[in-house]
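The exercises that follow are meant to be worked through with the sequence and the structure side by side. Try each task before turning to its solution.

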Amino acid sequence: MAAIDELSPAILFDKLLTEIPKVVDSWHPQLAHRLAPVASIGHDWDWLEQQITAARKRGEKTPCLWIGAGGEIAVGILPPMSWILVVDDVTEKVLLSSNSSGSEIILVVSWENLRAGKVPGLS
């Protein structure tokens with residue numbers, strides 16, 4: 001902290017839009033990344049759908065597809081909150097938690113639209 005306090009305001013302003021976001025970005029990846037949409041091709045949507053279905057059969061109420069800030073796609077479980085919808089038929093629709101925009105959005109989307117790339121965060 002002492003080293004930071006010794007930096008002049010001119011240096012801080014000079015680095016404000018270049019170096020400081022890179023440092024913060026190292027522990028909070030959504031801050032400064034300029035992200036391109038995740039490609040909708042090349043993903044095993046059938047396997048992901050099977051994993052969501054298996055999670056529901058295990059009793060999970062809010063299994064979801066998760067799109068990370070770096071474009072990774074994973075299966076996750078959202079914490080139970082009153083505002084998160086429970087998808088009854090996970091063979092038709094799925095919860096999608098997308099962090100690709102810099103802040104998390106949670107949507108209910110159809111598998112058909114996922115496969116076609118017609119959801120936010122996919123191209």
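**Exercise 1.** Which residues does Leu-65 touch, not counting residues up to four places away in sequence?

*Solution.* Keep in mind from the start that this is a predicted model. Step one is to set aside the residues up to four places away in sequence, after which Leu-65 touches Trp-45, Leu-48, Ile-52, Ala-74, Val-75, Val-94, Leu-95, Leu-96, Ser-97, Trp-111 and Leu-114. Step two is to place Leu-65 in the largest nonpolar core, which has 17 residues and in which Leu-65, Val-94, Trp-111 and Leu-114 touch the most other members. Step three is to ask where this core comes from: α4 (45-57), β1 (63-67), β3 (93-98) and α5 (111-116) are the elements that give two or more residues to it.

**Exercise 2.** Describe the order of helices and strands along the chain.

*Solution.* Begin with the count, which is 5 helices and 4 strands. Reading along the sequence then gives the pattern α-α-α-α-β-β-β-β-α. To complete the picture of the chain, note that 30% of its 123 residues count as buried, while residues 24 or more positions apart account for 48% of the contacts with a separation of 6 or more.

**Exercise 3.** Find which residues line the largest cavity, and sort them by character.

*Solution.* A search of the whole structure finds 1 cavity of 30 Å³ or more, and the volume of the largest cavity is about 30 Å³. Its lining is made up of Arg-56, Lys-61, Thr-62, Pro-63, Val-86, Val-87, Val-90, Val-94 and Leu-95. Sorted by character, the lining holds 6 nonpolar, 1 polar and 2 charged residues.

Terms used:
Residues numbered from 1 in each chain as written. Predicted model: local features only at pLDDT ≥ 70, side-chain atom pairs only at ≥ 80, totals over all residues. Heavy atoms only, no water. 1 Å grid on protein atoms, 1.4 Å probe; cavity = no way out; pocket = protein on both sides within 12 Å on 5 of 7 lines; lining within 4 Å. Points joined across faces, edges and corners; volume = space filled by probe spheres on them. Nonpolar A, V, L, I, M, F, W, Y, C, P; charged D, E, K, R; others polar. Core = buried A, V, L, I, M, F, W, Y, C linked by side-chain atoms within 4.5 Å. Buried < 20%, exposed > 50% of the residue type's maximum accessible area, 1.4 Å probe, protein only. Contact = heavy atoms within 4.5 Å.
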